Amino acid sequence: LNEEELEDHLEKFCNLFNYLSEKDVFQGFALKQLAKRLLLEKSHSEDAESSLITKLKDRCGAHYTSKLSGMITDMKLTKDIQSRFRAHVLDKSDERMSDDAGTTSVSIGGVDCSVRVLTTGHWPTYQEDKLQLPIELERCVTTFKEFYDVRTSQRILKWVHSLGKGTMETTAFTGNRKLPKIELQATTYQMCILMLYNDADELTFRQIRESLGVESDDGSKQSVMSLCKKHPLLVRSAKSKEITDDDVFKLNVGFAPNRWRISIPVPVAKISEAEKEATHSSVVEDRKHAIEAAIVRVMKSKKELEHQQLIAEVSAQLTTIFQPEPRQIKNRVEDLITREYLERDPDKPSMYRYLA
């Protein structure tokens, strides 16, 4: 698509967006999808993302798009952090790196690495994983942590390896003599699994799981199976649907690649059922806070208001994002009375007063 066609598509999308009655639900999923596009580098362009965010901001206000805008800002700031990290390593190392102005990756022990630092408040909630990295990758993590801790002592880094990816070269697969060496584009989990085969030809799933050191089996199962499907770098001994600890995964040295660069499918490209449930739960919580904030704004302005008037005023403030039910508003009013933000008129229970 050229710029004019893209702009036309975005405008049509926003016209359709206007008809949504639960824009906060859309916001929750839009946040997750934008995060995946940015982190997996699947976005059409940063300008297109910014243009869409601006259009949504015009329709729903700055608060609606604050997290989306923050994610775009983070991606810009992380480039500056990476450049400073590169300069830091160059100052402390005799190892030569490319002087290409467009290159910000840092070579540490022969491994080129780059790190993205994300602000917790802007991005979807990700679980910190305790993945046991190979020594080559662990060295990169340690070096960056030393650099970052000196400059930002008040911030704590939490590593989310499930969002990482990388490129590795290998000569392990001999099925195509014309391609003795190939390049694999893989997630951090996939890379860690493949690197286990530097010291073994076959491993049980238990050995893989214990070597990775992760608590949940789900990520390990998805990653190891992704190495057996479209590009069968590993061969599984069992044919059953469920993976067991005793299943053996053997390195498929006879694999015949048909091109030099192979991109291994990412097993978490789609939104899972767990993510859907988490998003809906988050929306419910956010609605509670939004309704309470609207009640306080209205009552702070009016000082005194009857129940039905309050329902109407609060609904009018929130209707651009979602349509609250009267019972939801009533429940939040009761909670605010308990917390002494409001009080009932003792002579007229349907009348509320704001407590400064």
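A residue is called buried when its relative accessible area is under 20%. With that cut-off in hand, strand β4, residues 182–187, is a good place to start in this predicted model: five of the six residues of β4 are buried, and the strand is mostly covered.

The neighbours of β4 can be taken one at a time. On one side is strand β3, residues 165–170, which pairs with β4 in the antiparallel sense over six bridges. Two of the facing residues can be picked out by eye: Thr167 stands opposite Gln185 in β4, and Thr170 stands opposite Ile182 in β4. Another partner of β4 is strand β8, residues 261–263, and here the pairing is parallel, over three bridges. Within β8, Arg261 is the bridge partner of Glu183. Put together, these strands form an open sheet of three, in the order β3-β4-β8, with mixed pairing. The edge strands are β3 and β8, each of which pairs on one side only. From one strand to the next, the twist of this sheet averages 20°.

A helix accompanies this sheet. Helix α6 lies across β3 and β4, and runs at about 125° to β4. How many of the eight residues of helix α6 are buried? Eight of the eight residues in α6, which spans residues 188–195, are buried, so the helix is largely enclosed by the rest of the structure. Read along the chain, the buried residues of α6 are Thr188, Tyr189, Gln190, Met191, Cys192, Ile193, Leu194 and Met195.

Strand β7, residues 248–251, offers a different lesson, about the faces of a strand. In a regular strand, side chains alternate between the two faces of the sheet. In β7, Phe249 and Leu251 make up a covered face, whereas Val248 and Lys250 make up an uncovered one. Strand β5, residues 202–204, pairs with β7 in the antiparallel sense over three bridges. Strand β6, residues 234–236, also pairs with β7 in the antiparallel sense, over three bridges. Lys250 of β7 appears in both pairings: it is the bridge partner of Glu202 and also the bridge partner of Val235.

Further along the chain comes another open sheet of three strands, this one in the order β9-β11-β10, with antiparallel pairing. Why is one side of β9 and of β10 left without a neighbour in the sheet? Strands β9 (304–306) and β10 (342–345) stand at the edges and have a single partner strand each, so one side of each is left without a neighbour in the sheet. The twist in this sheet averages 35° from one strand to the next. Strand β10 is joined by four bridges to strand β11, residues 348–354, and the two run antiparallel. In this pairing, Glu343 stands opposite Arg353 in β11. This sheet, too, has a helix to look for: α11, residues 326–338, lies across β10 and β11 and runs at about 100° to β10.

Attention now turns to the pockets. The second largest pocket holds about 260 Å³ of space. It is lined by 17 residues, and the closest to its centre are Ala30, Leu34, Arg37, Glu49 and Leu52. Which elements give two or more residues to this lining? They are the helices α1 (3–17), α2 (23–39) and α3 (46–60). Among the contributors, α2 gives the most, with six residues. Sorted by class, the lining of the second largest pocket has eleven nonpolar, four polar and two charged residues.

A last stop is Ser226, a residue of helix α8, which covers residues 217–226. Is Ser226 buried or exposed? Its relative accessible area is 9%, and the cut-off for a buried residue is under 20%, so Ser226 is buried. Ser226 also gives a sense of distance within the model: Ser226 and Ala312 are 86 residues apart in sequence, and their C-alpha atoms are 53 Å apart in space.

How values were computed. Residues are numbered from 1 along each chain as its sequence is written. This is a predicted model: local features need pLDDT of at least 70, side-chain atom pairs count only at pLDDT 80 or more; totals for chains, interfaces and linings use all residues. Side-chain values use heavy atoms; hydrogens and water are left out. Buried means under 20% relative accessible area, exposed over 50%, partly exposed in between (1.4 Å probe, protein chains only). Two strands pair if DSSP finds at least two bridges between them. On a 1 Å grid over the protein atoms alone, a cavity is a set of points where a 1.4 Å probe fits but cannot get out, and a pocket is an open set with protein on both sides within 12 Å along at least five of seven lines; lining residues have an atom within 4 Å of a point. Grid points are joined across faces, edges and corners, and a volume is the space filled by probe spheres set on the points. Ala, Val, Leu, Ile, Met, Phe, Trp, Tyr, Cys and Pro count as nonpolar, Asp, Glu, Lys and Arg as charged, and the others, Gly among them, as polar. Axes are lines fitted to C-alpha atoms, for helices over the stretch in contact, and angles run from 0 to 180 degrees between N-to-C directions. Contact means heavy atoms within 4.5 Å.
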